[in-house]
Amino acid sequence: MADTIFDIIIIGSGPGGYVTAIRAAQLGFKVAIVERAYLGGICLNWGCIPTKALLRSAEIFHYLQHAKDYGLSAEKVAFDPSAVVKRSRAVSKRLNDGVGFLMKKNKVSVIWGEAAIDAPGKVTVKAGKSEAPKGALGPGGYQAKHIILATGARPRVLPGLEPDQKLVWTYFEAMVPERMPKSLLVIGSGAIGIEFASFYRTLGADVTVVEVLPQILPVEDAEIAAFARKAFEKQGIKILTGAKVTKLDKKSDSVTATIDDGKGGTQTLTIERVISAVGVVGNIENLGLEKVGVKTERGAIVVDALSHQLGHWKLNSNERLAHHSNY
């Protein structure tokens, strides 16, 4: 059977992928988007959006605990962990469905499965592990004049600190806890780590954050990071900077962490759960990039090679969208 032909195939349906697909379709191109797990990508389903829903619940709980500060009264304030998680998942589900609606509205074909580039302009899609949404195209061969990579990223794993989904979590497990842990260690103080630290602390957990760099929120302005640290410490979060976790000893329902304080000393900390939030790494494996001459380095695409092989977007007065494109 001949390959199905499109003008543009986008691999990945996160914010970069689905927004590009919509705009390209609006410009008159025949567009397909390939996804293997969640329409809307990690941001919508397991990152930015559901995290903010969790934080909103925590914020309201905090306000209720301090109702007197606003001239109000509230008695026996409590929270239901399962209901908090259920609300967060419902928010993501609603937006996930919305992305599917936008694909149909803009006549973007959704192809469900694992994509790999066989040659310039040729993509093979294999069956994925998750159930395809209604109306999606399945495994097979596809062709396009232009291919865009928008495959996103996943949690970075450090040797000796590997997540196990039970005692050591990534953001996937931290998003849907079966119960609220009484104590928690967060490794890494970027946006992901700090958001979860704040959420769990507000709901009563004893939280410690360990950051290897000199300041929390390392990519932010130093003044803002210092202000944020004071606020989080006032909230009751214990923060260790210039330190690193060197070992995790797991028990049946707890973990003992060995922490190098960066000053020649060590300390141990026993907690119920650990969240590994040490950054992300790009989803670039098994894409067939080598077949089109694209080089990678430390989990990232080398832009010069990518630009040379696949080109770039450009808009001009003669053609609405032209030439090869990529991320």
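Leaving aside residues up to four places away in sequence, which residues does Gly 121 touch? In this predicted model, Gly 121 touches Tyr 142, Gln 143, Ala 144 and Ile 147, when residues up to four places away in sequence are not counted.

**View 1. The hairpin of strand 4 and strand 5, with Gly 121 in the turn.** Strand 4 (114-119) and strand 5 (122-126) are linked by a loop, and Gly 121 has its place in that loop. The two strands form a hairpin with two residues between them, and Gly 121 in the turn has a positive phi of about 85 degrees. Strand 4 and strand 5 pair in the antiparallel sense over five bridges, and Glu 114 has Lys 126 in strand 5 as its bridge partner. Gly 121 counts as buried because its relative accessibility is 17%, which is under the 20% limit for that term. Between Gly 121 and Glu 211 there are 43 Å in space, taken from C-alpha to C-alpha, while the two are 90 residues apart in sequence.

**View 2. The open sheet of five strands.** The strands of this sheet follow the order 8-15-9-10-11, and their pairing is parallel. Strand 8 (168-169) and strand 11 (238-241) stand at the edges, and because each has a single partner strand, one side of each is left without a neighbour in the sheet. The partnership of strand 8 with strand 15 (residues 273-276) is parallel and runs over two bridges, with Val 168 standing opposite Val 274 in strand 15. Helix 6 lies across strand 8, strand 9, strand 10 and strand 15, and it runs at about 165 degrees to strand 10.

**View 3. The largest nonpolar core.** This core has 30 residues, and the members that touch the most others are Phe 196, Phe 199, Tyr 200, Val 207 and Ile 275. At least two residues of the core are supplied by each of helix 3 (48-65), helix 5 (171-175), strand 9 (183-187), helix 6 (191-202), strand 10 (206-211) and helix 7 (222-235). Helix 6 gives the largest share, which amounts to five residues. Around Phe 196, when neighbours within four places in sequence are left aside, the residues in contact are Thr 51, Leu 54, Tyr 171, Ala 174, Met 175 and Ile 275. A second core, separate from this one, has 20 residues, among them Ala 21, Ala 25, Phe 29 and Val 99.

**View 4. Glu 272 in the loop before strand 15.** The loop that holds Glu 272 lies between strand 14 (266-271) and strand 15. Glu 272 has a relative accessibility of 16% and therefore counts as buried, since the limit for that term is under 20%. The side chains of Glu 272 and Arg 179 are joined by a polar contact of 3.0 Å. Apart from neighbours within four places in sequence, the residues in contact with Glu 272 include Leu 167, Pro 181, Lys 182 and Ser 183, and also Asp 253, Ser 254 and Val 255.

**View 5. Two cysteines, Cys 43 and Cys 48.** Cys 43 has a relative accessibility of 24% and so counts as partly exposed. Cys 48 also counts as partly exposed, because its relative accessibility is 37%. The structure as a whole holds zero disulfides.

Note on methods: Residues numbered from 1 in each chain as written. Predicted model: local features only at pLDDT ≥ 70, side-chain atom pairs only at ≥ 80, totals over all residues. Heavy atoms only, no water. Disulfide = S-S within 2.5 Å. Buried < 20%, exposed > 50% of the residue type's maximum accessible area, 1.4 Å probe, protein only. Core = buried A, V, L, I, M, F, W, Y, C linked by side-chain atoms within 4.5 Å. Helix = DSSP H or I, 4+ residues; strand = E, 2+ residues; numbered from the N terminus. Contact = heavy atoms within 4.5 Å. Pairing = 2+ DSSP bridges. Axes fitted to C-alpha atoms, helices over the stretch in contact; angles between N-to-C directions. Polar contact = N/O pair within 3.5 Å; in protein donor to acceptor, adjacent residues only side chain to side chain.
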